[in-house]
Amino acid sequence: MATGPNDNSNYALAKLREYIQAPNLAKDGRLPTERAFAETFDVGRRAVRRALEVLESEGLIWRRQGAGTFVGEKPDDWSAQVTELVAGTDIMEIMEVRLRIEPQLAQLAAMRAKPAEVERMRALVQKTGESTDADAKELWDGSLHRQIAQSAGNKLFLSIFDVVNRIRQDDAWQSIRELARRSGTNGRASFEQHMAIVDAIADRDPARAGEAMRQHLLMHQERLIRATSLGFQEEKAAEDSAAKSVDEADNPLTPAS
């Protein structure tokens with residue numbers, strides 16, 4: 001006489017505990033579906049569902065609607081929302097927000113920054129100016145702007161800034177920023193603008209600090225618009241192709257096509 005699957009929830013719970021402790025879990029911690037567990041352990045889906053509820057209540061797994069079930073503690077909802085928000089935001093939207101909040105942050109920093117913080121800003125300006133590759137320049141530039149935001153002394157403003165600043169972690173952003181830099185004459189203008197912002201903060205001049213930051217961001221917005229335009233990309237591709245041809249012609253070891 002054939003028997004149906006075991007519907008003992010305690011049995012299902014024991015098998016699931018063994019499973020999530022095994023070293024061969026998926027890299028992202030995602031677990032199989034309830035149906036797959038039911039078939040693997042020969043238990044009813046109701047027993048699997050109940051066992052998963054117990055594990056979730058213990059903080060051993062977490063579930064997200066439409067995404068699946070994962071091993072470990074549920075990540076902070078705000079972090080997940082920020083990640084999704086950043087992923088769905090384009091470069092121009094980021095610059096629009098920066099233009100609205102960073103001049104105000106510079107103004108607040110001019111009123112509240114401590115002398116040690118101003119000195120830190122000056123050191124970060126130098127680091128940014130001395131950086132020769134895109135990754136390092138982004139790192140120090142981001143640190144400078146965050147120091148200004150931190151010196152504004154407003155935690156809510158800083159949190160908003162950090163959400164906007166998360167875009168710097170994206171490879172696409174760095175690539176576009178590098179194109180934008182190459183569309184300008186050189187990095188000297190950016191360096192001088194950074195110095196003007198910090199000088200205004202040091203002089204306790206909120207109006208000048210805010211305007212200096214606004215001009216700085218407007219310059220970068222203009223460069224980003226140029227870098228993302230089709231004409232500039234075609235021009236850049238032609239330049240790269242021409243440079244490659246010259247390099248190959250000058251290199252006697254380059255094999256003939």
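Reader: In this predicted model, which helix of the protein chain has the lowest confidence, and which the highest?
Author: Confidence in the predicted chain varies by helix. The lowest mean pLDDT, 52, falls in helix α12, residues 230-250. Where pLDDT is low, the predicted coordinates should not be read in detail. At the other end, with a mean of 96, stands helix α10, residues 188-202.

Reader: What does the protein chain average in pLDDT?
Author: Of the residues, 74% score at least 70. The chain average is a pLDDT of 82.

Reader: Is V125 buried or exposed?
Author: V125 sits in helix α6, residues 115-130. Beyond its neighbours within four places in sequence, V125 contacts L144, F191, H194, M195 and V198. Its relative accessibility is 0%, so V125 is buried.

Reader: How far apart in space are V125 and H145?
Author: In sequence, 20 residues separate V125 and H145. In space, C-alpha to C-alpha, the distance is 9.7 Å.

Reader: Which residues have the most contacts inside the largest nonpolar core?
Author: This core has 24 residues. Helices α5, α6, α7, α10 and α11 each supply at least two of them. The residues with the most contacts inside the core are M121, L144, I148 and I201.

Reader: Which residues does M121 contact, leaving aside its neighbours within four places in sequence?
Author: M121 is one of the residues with the most contacts inside the largest core. With those sequence neighbours set aside, its contacts are A113, L144, Q147, I148, S151, V198 and I201.

Reader: Is E34 buried or exposed?
Author: E34 belongs to helix α2, residues 34-41. Past its neighbours within four places in sequence, E34 touches R45, V48, R49, L52 and R63. Buried means under 20% relative accessible area. E34 has 18%, so it counts as buried.

Reader: How far apart are the end C-alpha atoms of helix α5?
Author: Helix α5 covers residues 91-112. It bends by about 30° at L99, and P103 follows within four residues. At 1.5 Å a residue, its 22 residues should span 32 Å. The model agrees, because the end C-alpha atoms are 30 Å apart.

Reader: Which residue in the turn between β1 and β2 has a positive phi?
Author: Strands β1, residues 61-64, and β2, residues 68-71, run antiparallel and are joined by four bridges. I61 stands opposite V71 in β2. The two strands form a hairpin with three residues between them. The turn residue with a positive phi, about 85°, is G66.

Note on methods:
Residues numbered from 1 in each chain as written. Predicted model: local features only at pLDDT ≥ 70, side-chain atom pairs only at ≥ 80, totals over all residues. Heavy atoms only, no water. pLDDT = per-residue confidence, 0-100. Buried < 20%, exposed > 50% of the residue type's maximum accessible area, 1.4 Å probe, protein only. Contact = heavy atoms within 4.5 Å. Pairing = 2+ DSSP bridges. Expected span 1.5 Å × (residues − 1). Bend = angle between axes of the 7 residues up to and from the residue. Core = buried A, V, L, I, M, F, W, Y, C linked by side-chain atoms within 4.5 Å.
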